[in-house]
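The following exercises are to be worked with the sequence and the coordinates at hand. Each task is followed by a solution in steps.

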Amino acid sequence: MSQKYGNINLPDKDNHEMEIEVKYGNLKGGDFVGKLALEAKYSNATLGNLKDAVLDIAYAGDVEIGNAEKLMVDARYSGLKAQIVNRLQLESKYSNFKIEEVVDAEIEAKYGDGNINRLKNSLKMEEFDYSNLKVKALDKAFKEVNINARYGNVKMAMAIAI
């Protein structure tokens, strides 16, 4: 499905594998049980829960999703918000992200701000340049936090969440 200069409104639940391209418009959709490939440029998107999704977002003001099992995101000049994500792979350039809870994350960030309210298991950041990251709480049983930062600020809560 492709839409330029217009909006896409999808049902509350979709069981199909979907490829969606939206440019200069907005996307509103519910839960995706099948795979989702989304390209959103100069757009906003609001989605429900995702099973397996690949998002390519650029110049997107707000991209908001519910929970996700597996989420791969390439974000440029955009804003990303998510609730609970089991496996996150994020490349963020000139973008901001806010994740309520993540189990395992691999993140590369340049020139942006990131917030994770709760980290449950692992966080790997091979590339973290000119950015800010704030992790509010680490789970009691977390395994690894590995951040390779250049000119970045990291604020990591030392209080362990239950």
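In which strand does Asp52 lie? The model used throughout these exercises is predicted.

**Exercise 1. Locate Asp52 and examine its charged surroundings.**

Solution. Asp52 belongs to strand 8, which spans residues 50-58. Next, consider its burial and pairing: Asp52 is buried yet has no salt bridge. The nearest side chain of opposite charge is that of Lys35, at 4.1 Å. A salt bridge requires a side-chain nitrogen of Lys or Arg within 4 Å of a carboxyl oxygen of Asp or Glu, so the 4.1 Å separation from Lys35 does not qualify. Finally, leaving aside residues up to four places away in sequence, Asp52 touches Gly34, Lys35, Leu36 and Lys70.

**Exercise 2. Decide whether Gly34 is buried or exposed, and describe its surroundings.**

Solution. Gly34 is placed in strand 6, residues 31-41. Its relative accessibility is 14%; because buried means under 20%, Gly34 counts as buried. Beyond residues up to four places away in sequence, the contacts of Gly34 are Asp14, Asn15, His16, Lys51 and Asp52. As a check on distance along the strand region, compare positions: Gly34 and Tyr24 are 10 residues apart along the chain, and their C-alpha atoms are separated by 25 Å.

**Exercise 3. Identify the backbone atom that the side chain of Ser43 reaches, and place this residue in the fold.**

Solution. Ser43 lies in the loop between strand 6 and strand 7, the latter covering 44-46. With a relative accessible area of 4%, Ser43 is buried. Its side chain reaches the backbone nitrogen of Tyr24 at 3.3 Å. Tyr24 is also among the residues that Ser43 touches when those up to four places away in sequence are not counted; the others are Val22, Lys23, Gly25, Asn26, Tyr59, Ala60 and Gly61.

**Exercise 4. Characterise the chain as a whole.**

Solution. Begin with secondary structure: the chain has zero helices and 17 strands. Then test the overall dimensions. For 162 residues, a compact globule would have a radius of gyration near 15 Å, and the 16 Å of the chain therefore agrees with that expectation. Along the principal axes, the C-alpha atoms fill a box of roughly 45 × 30 × 20 Å. Turning to burial, 44% of the 162 residues count as buried. The chain exposes about 8,600 Å², of which carbon and sulfur atoms supply 45%. Last, among contacts with a separation of 6 or more, residues 24 or more positions apart account for 3%.

Notes: Residues are numbered from 1 along each chain as its sequence is written. This is a predicted model: local features need pLDDT of at least 70, side-chain atom pairs count only at pLDDT 80 or more; totals for chains, interfaces and linings use all residues. Side-chain values use heavy atoms; hydrogens and water are left out. Helices (H or I, at least four residues) and strands (E, at least two) are DSSP runs, numbered from the N terminus. Buried means under 20% relative accessible area, exposed over 50%, partly exposed in between (1.4 Å probe, protein chains only). Contact means heavy atoms within 4.5 Å. A polar contact is a pair of N or O atoms within 3.5 Å; within protein, one must be able to donate a hydrogen and the other to accept it, and residues adjacent in sequence count only if both atoms are side-chain atoms. Lys and Arg count as positive and Asp and Glu as negative; His and the chain ends are not counted. The radius of gyration is taken over C-alpha atoms; the globule rule is 2.2 Å times the number of residues to the power 0.38. Accessible areas come from the Shrake-Rupley method with a 1.4 Å probe; for residues, only the protein chains shown count as cover.
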